[in-house]
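I opened the notebook to look through one structure, step by step. Here are my entries, in the order I made them.

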Amino acid sequence: MTYPPPPGWHDPAGPGQQPSQPADPTLPMSGPPVPAQPSPVDPYAPADPYGGQQPPAMTSYDPYAAQQPPAVAPYAQPGQAPAYPGYGYPPAPPTNGMAVAAMVIGITGIMGLCGYGIGGIIGVAGAILGHIAKRQIRERGGSGEGMATAGIIMGWISTAIAVLATIGIIVAIVIAANQNS
């Protein structure tokens, strides 16, 4: 399929004639030179140190000057369709600080079991803080329910173990006191 020539195009071989032989590529072309299109200047090209170019004129810049508002509003104008909301997940609710404290005190209560029952007292505080944190999370919203539950569980476990250890120590003392030596 052939397309018609564009307007203003002239066939160098003449109208309706085919060239008798192909042009020799080593011979220079005749005719007016084709002007080169101006190319944009590459701002990232390395500067020629020997080019003799003058450095750009320094202008004063005040970083504290009041900035001008943009000429065109960056958001939708009245009468246009509203923009879609942003992509991604909504921000996570804040973690309840009481839940974090309940978990930390519950862990401390478990560790404190080595101190002759002191972990039981600490564990009670962790369990109470955990219950308060769960109530706050239900009322106010937020995250940290798992930490509050962990504080409750560890607090009551350390309290139960401390009570059992205290009972065991008392029984051992009573048995030792009733022995005839």
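The entries below go from the whole chain to its helices and then to single residues.

**Entry 1: the whole chain**

I noted at the outset that I am working with a predicted model. I then looked up the secondary structure and found 3 helices and 0 strands in the protein chain. Read along the sequence, the pattern is α-α-α.

Next I checked burial: 14% of the 181 residues count as buried. The chain exposes about 15,900 Å², and carbon and sulfur atoms supply 66% of that area. I also looked at contacts with a separation of 6 or more, and residues 24 or more positions apart account for 71% of them.

**Entry 2: helix α1**

I picked M103, which sits in helix α1, residues 97–111. Its relative accessibility is 24%, so I logged M103 as partly exposed, given that buried means under 20%.

Which residues does M103 touch, leaving aside those up to four places away in sequence? I found M147, A150, G151 and M154. For M103 and M154 I also looked up the C-alpha separation, which is 7.8 Å across 51 residues of sequence.

**Entry 3: helix α2**

Helix α2 covers residues 118–140. It has 23 residues and reaches 33 Å from its first C-alpha to its last, close to the 33 Å expected at 1.5 Å a residue.

I listed the buried residues of α2 and got G119, G120, G123, G126, A127, L129, G130, A133, Q136 and I137. These buried residues pack against α1 and α3.

I128 belongs to α2 as well. With a relative accessible area of 44%, I128 is partly exposed. Its C-alpha lies 9.3 Å from that of W156, and the two residues are 28 apart along the chain.

I then looked at what follows α2, and it is G141, with a positive phi near 80 degrees.

**Entry 4: the salt bridge**

I wanted to know how many salt bridges there are by the distance rule. The count comes to 1. A reminder to myself: side chains of opposite charge can pair when their charged atoms come close. Here the side chains of E139 and R135 meet, at 3.7 Å from N to O.

Why are E139 and R135 about one helical turn apart? They are separated that way because they stand 4 residues apart in helix α2. I checked the accessibility of both partners: E139 is exposed, with a relative accessible area of 58%, and R135 is partly exposed at 42%.

**Entry 5: helix α3**

Helix α3 takes in residues 145–177. I compared its span with expectation: at 1.5 Å a residue, its 33 residues should span 48 Å, and the end C-alpha atoms are 48 Å apart, so the two agree.

The residues I found buried in α3 are A148, G151, I152, G155, S158, T159 and A162. They pack against α1 and α2. G151 caught my eye again here, as it is buried in α3 and is also among the residues that M103 touches.

**Entry 6: a nonpolar patch**

My last search was for nonpolar surface. Which residues make the patch of about 460 Å²? They are V163, L164, I167, V171 and I175. I followed up on V171, which is found in helix α3. At 42% relative accessibility, V171 counts as partly exposed, since that class lies between under 20% and over 50%.

Technical notes
Residues numbered from 1 in each chain as written. Predicted model: local features only at pLDDT ≥ 70, side-chain atom pairs only at ≥ 80, totals over all residues. Heavy atoms only, no water. Helix = DSSP H or I, 4+ residues; strand = E, 2+ residues; numbered from the N terminus. Buried < 20%, exposed > 50% of the residue type's maximum accessible area, 1.4 Å probe, protein only. Patch = residues over 30% accessible without salt bridge, like charges linked within 9 Å, V, L, I, M, F, W, Y side chains within 5 Å. Areas by Shrake-Rupley, 256 points an atom, 1.4 Å probe, with all protein chains shown as cover. Salt bridge = Lys/Arg side-chain N within 4 Å of Asp/Glu carboxyl O. Contact = heavy atoms within 4.5 Å. Expected span 1.5 Å × (residues − 1).
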